[in-house]
Amino acid sequence: MKIEGKEYRTIWFVNNVVKIIDQTKLPHQFIIKDLKTVKDAINAIKTMEVRGAPLIGATAAYGLVLAIMENNDQTFLKKSSEDLINSRPTAINLKWAVDRMMKKFSGINSDQILNIALNEAKEICEEDVKFCENIGLNGLKIIEEIYNKKKDTVNILTHCNAGWLATINWGTATSPIYHAHKKGIKVHVWVDETRPRNQGANLTSYELNEEKIPNTIIADNTGGILMQRGEVDMCIVGTDRTIATGDVANKIGTYLKALAAHDNNVPFYVALPSSTIDWETTDLKNIPIEERNFEELSYVEGLDENNNVKKVLIYPKKSKAMNIAFDVTPAKYVTGLITEKGVCEASEKGLKELFK
Ligand code: MRU
């Protein structure tokens with residue numbers, strides 16, 4: 001997708017270096033950063049320079065490429081793969097990507113492994129682009145249906161950033177929106193700010209602006225009253241891990257939005273590529289939920305009056321704070337899962353039928 005009219009992807013490999021857009025600097029600064037070692041890749045995932053389930057999966061894949069370039073040794077590769085998987089706990093895409101890469105390496109000579117790794121990391125990215133594009137085409141049908149009935153702008157609420165910045169291109173939740181816009185369907189997006197890291201305001205609104213999609217940032221608690229007033233036609237969110245039962249882990253606050261949608265008969269869709277499905281977990285209590293540093297709540301960053309980026313403390317110095325990063329929305333509140341293969345019911349049966 002575009003930034004200032006120029007096409008970008010979120011990650012690419014050139015001259016033996018992995019390039020990323022440093023998302024901790026957006027929207028005020030656009031900085032492309034080099035990852036040269038597997039430690040750089042792990043650090044980028046932990047500090048959220050790259051974030052979003054599919055993108056951290058792709059970064060982990062490229063992290064293994066960097067590991068091989070640094071030290072083509074089995075013990076180092078194994079340790080690197082474990083460190084990459086453990087760099088963030090909730091998104092299953094990390095494990096999915098690392099397992100896929102490691103499987104490719106089994107029985108391969110050390111002189112061939114780098115080539116194989118590089119090709120597989122590129123393939124993971126290409127596949128994600130294709131899958132996200134298909135999610136868009138499948139989700140477009142739902143938006144189109146609402147538009148044909150309403151014959152007016154379709155208002156879509158989204159939470160966090162499940163946009164192209166969270167994937168390689170297109171995004172998951174945003175892909176149907178981009179496809180609808182391309183088709184001339186009038187859409188407007190309610191963007192949940194998404195405290196504490198403000199991925200909605202800083203990333204979703206930013207990327208929608210760059211693609212000229214009308215959007216309005218709202219405080220996280222505003223969705224409920226908008227739904228009561230009939231100002232939300234549908235919700236689309238992403239997910240970090242959808243388990244075999246169709247229950248959905250996503251950014252903290254998603255669950256409350258799903259409850260409000262349920263109470264107001266607003267369709268609540270979750271968009272995901274199959275790399276985000278955890279087929280082995282069947283109890284939502286077993287989903288590992290990340291808890292991050294409380295300073296992500298107590299400090300905010302923004303531009304000061306001289307246009308310099310500044311970080312300031314907003315809470316009382318003595319106050320404690322708690323920063324749970326994800327929650328789980330039970331399948332019963334999800335209208336449907338929009339995947340690369342089609343739209344299915346959020347249930348074991350629905351998922352199994354689609355992904356035989
Ligand atoms: O903490 P983040 O910014 O990595 O969380 C991202 C989300 O919650 C997204 O909704 C999810 O990863 C889906 S991305 C297509």
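**Exercise 1. Where is Pro27 found, and between which strands?**

Solution. Pro27 is found in the loop that runs between strand S4 (17–21) and strand S5 (32–35), where strands (E, at least two residues) and helices (H or I, at least four residues) are DSSP runs numbered from the N terminus. The bond that joins Leu26 to Pro27 is a cis peptide bond with omega of about 5 degrees. This is a predicted model, in which local features need pLDDT of at least 70 and side-chain atom pairs count only at pLDDT 80 or more, while totals for chains, interfaces and linings use all residues. Residues are numbered from 1 along each chain as its sequence is written, and side-chain values use heavy atoms, with hydrogens and water left out.

**Exercise 2. Describe the backbone at Pro196 and at Cys160.**

Solution. Begin with Pro196, which is found in the loop between strand S7 (187–192) and helix H7 (199–210); the peptide bond from Arg195 to Pro196 is cis, with omega near 5 degrees. Then turn to Cys160, which is not a glycine and yet has a positive phi of about 65 degrees, and which is found in the loop between strand S6 (154–158) and helix H6 (174–182).

**Exercise 3. Characterise the surroundings of the ligand.**

Solution. First take the shell: of the 18 residues around the ligand, Ala53, Arg88, Gln199, Asn250 and Lys251 come nearest, a residue being near if one of its heavy atoms lies within 4 Å. By class, the shell has seven nonpolar, seven polar and four charged residues, with Asp, Glu, Lys and Arg counted as charged and Gly among the polar ones. Helix H2 (53–70) and strand S11 (248–251) each supply at least two residues of this shell.

Next, list polar contacts (pairs of N or O atoms within 3.5 Å). An oxygen atom of the ligand is 2.8 Å from a side-chain N or O atom of Arg88, an oxygen atom of the ligand is 2.9 Å from a polar side-chain atom of Asp240, and a ligand oxygen is 2.8 Å from an N or O atom in the side chain of Lys251.

Note on methods:
Polar contact = N/O pair within 3.5 Å; in protein donor to acceptor, adjacent residues only side chain to side chain.
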